[in-house]
2 protein chains.
Amino acid sequence: MFTPSSVHPKVMREKIRTGEWQSPTAGCSVGYVQANLVVLPQALAYEFLLFCHRNPKPCPLLEVTDAGDPEPRTAAPGADLRVAVPKYHVYRGGALEQETTNLLEVWREDLVGFLLGCSFTFDVALQRAGVPVRHLEEGKNVSMYITNRPCRPSGSFAGPLVVSMRPIPAALIPRAVEVTARFPLAHGAPVHVGEPEAIGISDLSRPHFGDAVSIRSGEAPVFWACGVTPQAVAMHAKPELMITHAPGHMFITDLSEEELAHSPM
Amino acid sequence: MFTPSSVHPKVMREKIRTGEWQSPTAGCSVGYVQANLVVLPQALAYEFLLFCHRNPKPCPLLEVTDAGDPEPRTAAPGADLRVAVPKYHVYRGGALEQETTNLLEVWREDLVGFLLGCSFTFDVALQRAGVPVRHLEEGKNVSMYITNRPCRPSGSFAGPLVVSMRPIPAALIPRAVEVTARFPLAHGAPVHVGEPEAIGISDLSRPHFGDAVSIRSGEAPVFWACGVTPQAVAMHAKPELMITHAPGHMFITDLSEEELAHSPM
C-alpha cells in the first residue's frame, strides 16, 4: 500500500521517475524539504548564483549542481534532476515553450541546476507552533504580491521583490517571526509586518499571484520573501533556455526539515 | 587626536588610502566587521563563488563585487577595494609575486572582489560572554590546523578544511557554541569539539599556521572552520592572478558586528 505522505523521498522520486506520480507534491514525504528547481545554461549560472547570494531571503539556495551533472549530491544523492519532478516547464527567450514530464531530450552538458528552499517547510512549522496559516485553512494558494522593493541586481537578473502574505493575529506575530527565523533556507523571518502601502501593495484583496484570503479583525498582514522572485527575475532576463518545475510540482529532497534549522556541517 | 579603536570605518579607510595607516587592523574601529579579501578574474569567479556556497562555514561570503567595480556597495558603500587595505599580496600562478599598498596599477576590468567574514567578530563576542580566548590572553595568533576533512569541491577549487582552535573549559563549551552560532557570517558554530585525531590532527602543539597556545587541565580543544581555507584552496588552484589582503591587514566594513547576527534585509 503506497502512502505518499509517509514514504521516504527516494520512494516518491522513483514513483515520479516511472510516471506513476504526476500530481503536485504538497503533502508528499512529510517532514522532508521540498525545493524549487531552476535550470540555466552555464553561461548564465554565475549571474544567477550571484543574484541568489545578493538576495538570500527570496533565493535561499540549497544546492547548485556541476554543469552537465543532473545529480544534486548533497540534497538528494543518487537523484536525477531530469526525471525527479512530476512536471517541468521549458522556457526559451522568456516564453513557455513546452510542458514535459522529463528532461531527457532537453538536457545539455552545459546545464546547471539550482535548488531553492520553499515555504512549505515553514508553513508546517507555523502550524505546529499554533500559528494559523489561513491559505491552508481555506484550501487556497498563498497570496503573493509584487512589491516596490528592488532586489539587488546581478547582471541581467534584476527586478522587484515578490512577497507572500499570511494574516496573523497580533498576539502571535512575535511567535511567527521566531518560528520562521529558524529556517533561513526556507525564506527565514518576515521582511515586513503590516503597512502594505509602505512596500507598494495597494490592495491586499487583489494578489498578483495565488489567491486572496480573508483577513480577520485583530490580524495584521505579515509578509515573507517569496520564491517566485527568482523565477520572475529570471524570466524577465529572457534567457536562451530556462527550465523550472511546474507550479506545485516540486523537487523532494532527502533533507529533513529540522536539518534546515541547523548550521551546515 | 586619532584613536584607531573608536573611529568609524570610513575614517580608518581614509587613513589607509592616504598611507597614514600601514599596520595590521586588529583593534581598529571596534564593533565593526573586518573581512578577508580575495580578488580573482571573472573567468574563475563562478567556480570560487560556488566553492563558497558549497562550504559556507569556512567561506562566509559577505559581498561579491561586480566585475571591474572596486566598490563593495553593501558592506562599505563608497569604499574602493583598490586602496582600502593597508597591505595586499599579489599572486600569479599560485606564487606570491608582489606585496603592495594599493592595487591601482594591478587592477583590471575583469576583477571580482570577494569579502569573507573573519573570526575577529566572534572572538570579541566570546570574551564579552565570559569565555576565555587563549590566543588573545597570550598575545599570540590563533592556532590553525589542516584537517583530513575535504571541502566540497567546485571545479579547480578543492582541498581540505582548515580549522582554528581555541581551548575552552568544559563547562563553557555550550556557551561558546551558542555565542558563535549567532554569527554564521563569521564562521558560526564550531565544527568539532575535542578528539583532534578524529579530524586528522595528531599534535595540537604543532599548528600548521599561527602559534601554539597552552591547553589547561579541564579544557577541551574546540575547532571552528577557518578563513584560511578558501585562500589555501585558491592558492592550490594556481589561478593566473589572485590578490588577497596581507595577513592581519584586513578590509574594515561599515557593518556593525550585531548586524551579522540578524537575518539580511
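In chain B of this predicted model, helix α5 (residues 173-181) lies across strands β7, β8 and β9 and runs at about 15° to β9(B). A second helix of chain B, α6 (residues 228-236), lies across β6, β7 and β9, and its direction is at about 155° to β7(B).

**The sheet under these helices**

The strands crossed by the two helices belong to an open sheet of four strands in chain B, in the order β6-β7-β9-β8, with antiparallel pairing. At its edges are β6 (143-150) and β8 (192-193) of chain B, each of which pairs on one side only. Within the sheet, β7 (residues 160-169) of chain B and β9 (residues 219-225) of chain B run antiparallel and are joined by seven bridges. One residue pair shows the register: B:P167 has B:P221 in β9(B) as its bridge partner. In a regular strand, side chains alternate between the two faces of the sheet.

**Strand pairs in chain A**

In chain A, strand β3 (residues 88-92) is joined by five bridges to β4 (residues 95-100), and these two strands run antiparallel. β3(A) and β4(A) form a hairpin with two residues between them. In the turn, A:G93 has a positive phi of about 60°. β3(A) also pairs in the antiparallel sense with strand β10 (residues 242-245) of chain A, over four bridges. A:V90 can be followed into both neighbours: its bridge partner in β4(A) is A:Q98, and its bridge partner in β10(A) is A:I243.

The antiparallel strand pairs described with a bridge count are listed here.

| Strand pair | Bridges | A bridge partner pair |
|---|---|---|
| β7(B) and β9(B) | seven | B:P167 and B:P221 |
| β3(A) and β4(A) | five | A:V90 and A:Q98 |
| β3(A) and β10(A) | four | A:V90 and A:I243 |

**Two helices in chain A**

Helix α3 (residues 120-128) of chain A and helix α5 (residues 173-181) of chain A have axes that come within 9 Å and cross at roughly 135°. α3(A) and α5(A) are therefore oblique to each other. The crossing in which α3(A) passes α5(A) is right-handed. On the side of α3(A), the contact is made by A:F122, A:A125 and A:L126; on the side of α5(A), by A:A176, A:V179 and A:T180. By class, the residues of this contact of α3(A) with α5(A) are five nonpolar and one polar, with no charged residue.

**How the two chains meet**

Which parts of chain B touch chain A? The contact between the chains takes 15 residues from chain B and 15 residues from chain A. On the side of chain B that touches chain A, α2 (42-54) and β2 (61-64) each supply at least two residues. α2(B) gives the most to that side, with five residues. The side of chain B that touches chain A has eleven nonpolar, three polar and one charged residues.

Two copies of a chain are related by a rotation about an axis and a shift along it. Here chain B can be laid on chain A by a turn of 180° and a shift of 0.0 Å along the axis, with an RMSD of 0.0 Å. This is the relation of a two-fold axis. The C-alpha of B:Y46 is the nearest to the axis in chain B, 2.6 Å from it. The same surface serves both copies, as 100% of the contact residues of chain B recur in chain A.

Note on methods. Residues numbered from 1 in each chain as written. Chains lettered and ligands numbered in written order. Predicted model: local features only at pLDDT ≥ 70, side-chain atom pairs only at ≥ 80, totals over all residues. Pairing = 2+ DSSP bridges. Contact = placed C-beta atoms within 7 Å. Axes fitted to C-alpha atoms, helices over the stretch in contact; angles between N-to-C directions. Parallel < 35°, antiparallel > 145°, perpendicular 65-115°, else oblique. Left-handed = near helix turned anticlockwise from the far one by under 90°. Nonpolar A, V, L, I, M, F, W, Y, C, P; charged D, E, K, R; others polar. Least-squares fit on C-alpha atoms with pLDDT ≥ 70 in both.
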